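Visitor: I should like a close look at one strand-end residue and its surroundings, and then an account of how the rest of the chain is arranged. Please give each cut-off as the term arises.

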Amino acid sequence: MTAAPAYSVVVPTIGRACLADCLRALAGATGHPPEEIVVVDDRRPGPAGPLPLAAAGVLRERVRVLGTGGRGPAAARNTGWRTVHTPWTVFLDDDVQVLPDWSRRLADDLARAGRATGGVQGRLSVPLPAGRRATDFERGTAGLEGAAWATADMAYRTAALAAAGGFDERFRRAFREDADLALRVLAAGWTLHRGRRTTRHPVRAASPWVSVRAQRGNADDALMNRLHGRDWWARAQAPRGRLPLHALVTAAGLAAPVLALAGRRRAAALAGALWAAGTAEFALARILPGPRTPRETATMAATSVVIPPLAVGHRLAGRIRHRNAAPLRRVP
């Protein structure tokens, strides 16, 4: 092992209250503090309150704030890392909390990194409620524990970021921009590894319709298909999801009234039954593992009706929007 290299932390934020907890946790981590913390304020222009920078405590003098005006997390991270001068850039989301030994373990991760290592991922821990089963949203957040190259805690060699061109700002949401970057860093000849440090990722409060809004990510999957080919899922270690089943259920739901109007009652009944069975299967797959409270059950039932057509619609919209995106060249 060699001495741990210097690093900067980049935290994009839209001014959520959890930023204070993130900065407070960074200040409480001892052993190898960052050279600087670049907080990138991505709130849209307009009246906005001050960011809770005092929470950085002993690291307050190392905090620098940049503004990006609501261009999305990819653009915010690019604005941040392009201003740092340290060999490593560590990306943290504003809703995570590093553990007290995080900076010491990060030092070990970076010191162990070989010359070809372009990035070292932190391990995420998602605390779930005790005494009851997790909700659908809580289980989805817990999936981050197995996610590959998530920028909730991801250290990149700054030279690797430059070689890959940084984040693709066409990814306007906090979704797939991290997988896209990882694949481009790998394509540039670097390697990526998992480190030993751990970061806590609490489950944030969310509306009952959060799973419906999440379907917009299907448009980003369309862009990933264009850029990296249809096998990118395996290379990025990403779960495939249920889009093929959603497409089948949506097609059945659309076909039933069309067939009925055409006088083909048997075919219409079959299509309607297929839609109902597919919708019920999807709802049960989300209800049975959860707490099964009346509110959770009702939410899962209602959202399971609208998610399939929305997922398909967003995927089609993404294919149209990104139809001219040029595929990236792979390293043989």
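**D41 and its setting**

Guide: The place of D41 is in strand β2, which covers residues 36–41; strands (E, at least two residues) and helices (H or I, at least four) are DSSP runs numbered from the N terminus. The model is predicted, so local features are given only at pLDDT of at least 70 and side-chain atom pairs only at pLDDT 80 or more, whereas totals for chains, interfaces and linings use all residues. Residues are numbered from 1 along each chain as its sequence is written, and side-chain values use heavy atoms, without hydrogens and water.

With a relative accessibility of 15%, D41 counts as buried, a class for values under 20%, while exposed means over 50% and partly exposed lies in between (1.4 Å probe, protein chains only). The side chains of D41 and R43 are joined by a polar contact of 2.8 Å. Such a contact is a pair of N or O atoms within 3.5 Å; within protein, one must be able to donate a hydrogen and the other to accept it, and residues adjacent in sequence count only if both atoms are side-chain atoms. Once neighbours within four places in sequence are set aside, D41 is in contact (heavy atoms within 4.5 Å) with T13, L51, V65, L66, G67, T68 and G69.

Strand β2 also holds E36, which is joined to R64 by a salt bridge whose closest N and O atoms are 3.0 Å apart. R64 belongs to strand β3 (residues 63–67) and E36 to β2, so the pair ties together parts that are 28 residues apart in sequence. The partners differ in cover: E36 is buried at 16% relative accessible area, whereas R64 is partly exposed at 26%. A salt bridge here is a side-chain nitrogen of Lys or Arg within 4 Å of a carboxyl oxygen of Asp or Glu.

Strand β2 has a further role in the packing of helix α1. In that helix, residues 18–28, the buried positions are L19, A20, C22, L23, A25 and L26. An α-helix has 3.6 residues a turn, so residues three or four places apart point the same way. The buried residues of α1 pack against β2 as well as β1 (7–13), β4 (88–92), β5 (97–98) and α3 (102–112).

The setting widens to the chain as a whole, which has 12 helices and eight strands. Its radius of gyration, taken over C-alpha atoms, is 22 Å, close to the 20 Å that the globule rule (2.2 Å times the number of residues to the power 0.38) gives for 332 residues, so the chain is as compact as a globular protein of that length. The C-alpha trace spans about 75 × 50 × 40 Å along its principal axes. Buried residues make up 48% of the 332 residues. Of the contacts with a separation of 6 or more, 82% are between residues 24 or more positions apart.

The structure holds 22 salt bridges. Among them, E138 pairs with R132 at 2.8 Å between the closest N and O atoms; E138 is buried at 12% relative accessibility, and R132 is partly exposed at 41%. R235 pairs with D231 at 3.2 Å, and here R235 is partly exposed at 30%, as is D231 at 35%. R16, D94 and D95 are linked in a network of salt bridges.

At the surface, the chain exposes about 16,200 Å², of which carbon and sulfur atoms supply 59%; the areas come from the Shrake-Rupley method with a 1.4 Å probe. W209, W275, V305, V306 and L310 make a nonpolar surface patch of about 390 Å². Patch members have over 30% relative accessible area and no salt bridge, and nonpolar side chains (Val, Leu, Ile, Met, Phe, Trp, Tyr) are joined within 5 Å, like charges within 9 Å. Helix α12 (residues 294–321) gives the largest share of this patch, three residues. W209 sits in the loop between β8 (191–200) and α7 (210–213) and is partly exposed at 43%.

Two loop residues have notable backbone angles. Q237, not a glycine, has a positive phi of about 55°; Q237 is in the loop between α9 (232–235) and α10 (243–261) and is partly exposed at 44%. R292 likewise has a positive phi, near 60°, and is found in the loop between α11 (265–287) and α12.
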